[in-house]
Amino acid sequence: MSDIDFQQEIEQQNWQNYRTWFNDQVAVVTVNVSLMEMSEFRQMNIAQIIRYYQGDKNGLPTEVSHHEIFRQILHTITQLCALPDVVYAGHILSNGKSQQFFYFNDEISLLETLGQLSYDELVIQQDLNWDTYFEFLLPSPLEHKMTLTEEILDTLSENGVNLSEPQLVEHNFHFDEKEDIERFIEKCNLSKIHFDRIKYTENRVKVDKENRAYLVKVEQELALDTQEIFTQVEQFESLADAVSARYLGWEYGNFGQQGSYLN
């Protein structure tokens, strides 16, 4: 199974990839986001199928091992999801280990099919409310922003931007109450976050068909060839939570348009 085939399979199945950390180890998670649209959770159990692979220095599959582990992942999905009431939740690659998660009801049929497949460990548990899916596999808002940050950096590099030189970075927020903006600015000033200026709207503006909010933009200049931008994203996410705001993420200043509505 080639990389292209695997990517096509991800797109067809409505899967989402993101990077995160588990037990101080980098992890690549693929989650079946189409399960969020299910109206009821009929499957009462979850099976975790574990395989070990040759990992690189980060614990992710090496060039030699990744083709085989992806082939095993897709083959297992094909075989198990042919069973009635079996749905695929996603998988994790981390620390030299592949973990696949399937929701099911009929353990006998599942075990019979698994008997035809190769794997290293099997863990079966009850998961009546699909906590593993909603609380463990789906990306948190912060994990989603971290993934987008990597994608932005890749795009900038592909467009010839020198990430080692200081760049204008704009962090964007939505606030429901103007008093929360004042609290946010105070917390920014008291924190170790370096920024050049904070801009905000005097009145709420329309952000979608139904909602209005105060817009806040924090501008800073920093090099993007280190982990500093990831640290900034994590800190702004925490600060926004502390003042009941929504952190939308950041953009590279030269790619965005300057909004005339900002003070």
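The questions and answers below go through a predicted model, from its overall make-up to single residues.

Residues are numbered from 1 along each chain as its sequence is written. In this predicted model local features need pLDDT of at least 70 and side-chain atom pairs count only at pLDDT 80 or more, while totals for chains, interfaces and linings use all residues, and side-chain values use heavy atoms, with hydrogens and water left out.

Me: How many helices and strands are there in the protein?
Reply: Helices (H or I, at least four residues) and strands (E, at least two) are taken as DSSP runs, numbered from the N terminus. The C-alpha trace that carries them spans about 65 × 40 × 30 Å along its principal axes. Counted in this way, the protein has 7 helices and 11 strands.

Me: What percentage of the 263 residues in the protein is buried?
Reply: A residue is called buried under 20% relative accessible area, exposed over 50%, and partly exposed in between, with a 1.4 Å probe and protein chains only. Among the 263 residues of the protein, the buried share is 45%.

Me: What share of the contacts with a separation of 6 or more is made by residues 24 or more positions apart?
Reply: A contact here means heavy atoms within 4.5 Å. Of the contacts in the protein with a separation of 6 or more, the share that falls to residues 24 or more positions apart is 72%.

Me: Which strands stand at the edges of the open sheet of 6 strands?
Reply: Two strands are said to pair if DSSP finds at least two bridges between them, and by that rule the sheet has the order 1-2-4-5-3-6 with antiparallel pairing. From one strand to the next the twist averages 20°, where axes are lines fitted to C-alpha atoms, for helices over the stretch in contact, and angles run from 0 to 180 degrees between N-to-C directions. Each edge strand has a single partner strand, so one side of each is left without a neighbour in the sheet, and these are strand 1 (15-22) and strand 6 (121-126).

Me: Which residue takes a positive phi in the hairpin of strand 1 and strand 2?
Reply: Strand 1 and strand 2 (residues 25-32) pair in the antiparallel sense over 8 bridges, with Trp21 opposite Val26 and Tyr18 opposite Val29. The hairpin has 2 residues between the strands, and the positive phi, near 50°, belongs to Asn23.

Me: Which residue in strand 4 stands opposite Thr30?
Reply: Strand 2 is mostly covered, with 7 of its 8 residues buried. Strand 2 is also joined to strand 4 by 5 bridges, and these two strands run antiparallel. In strand 4, the residue opposite Thr30 is His91.

Me: Why do the buried residues of helix 3 line one face of the helix?
Reply: The buried residues of helix 3 (residues 107-114) are Leu110, Thr113 and Leu114. The face turned away from them carries the exposed residues Ile108 and Glu112, whereas the buried residues pack against strand 3, helix 2, strand 5 and strand 6. The buried residues line one face because, seen down the axis of helix 3, they fall within an arc (that of the directions from the helix axis to the C-beta atoms) of 100°.

Me: Which residue caps the N-terminal end of helix 3?
Reply: The cap rests on a side-chain oxygen that lies 3.1 Å from the backbone nitrogen of Ile108. The residue that supplies this oxygen is Asp106.

Me: Is strand 7 largely enclosed or open, judged by how many of its residues are buried?
Reply: Strand 7 (residues 167-175) is joined to strand 10 (residues 212-222) by 9 bridges and to strand 11 (residues 246-252) by 6 bridges, antiparallel in the first pairing and antiparallel in the second. Phe173 has Val216 as its bridge partner in strand 10, and His174 stands opposite Arg246 in strand 11. Because 8 of the 9 residues of strand 7 are buried, strand 7 is largely enclosed.

Me: How far apart in space are Ile185 and Val216, C-alpha to C-alpha?
Reply: Ile185 belongs to helix 6 (residues 178-190) and is partly exposed, with a relative accessible area of 23%. Leaving aside neighbours within four places in sequence, Ile185 is in contact with Ile198 and Tyr200. Ile185 and Val216 are 31 residues apart in sequence, and their C-alpha separation in space is 10.0 Å.

Technical notes:
Polar contact = N/O pair within 3.5 Å; in protein donor to acceptor, adjacent residues only side chain to side chain.
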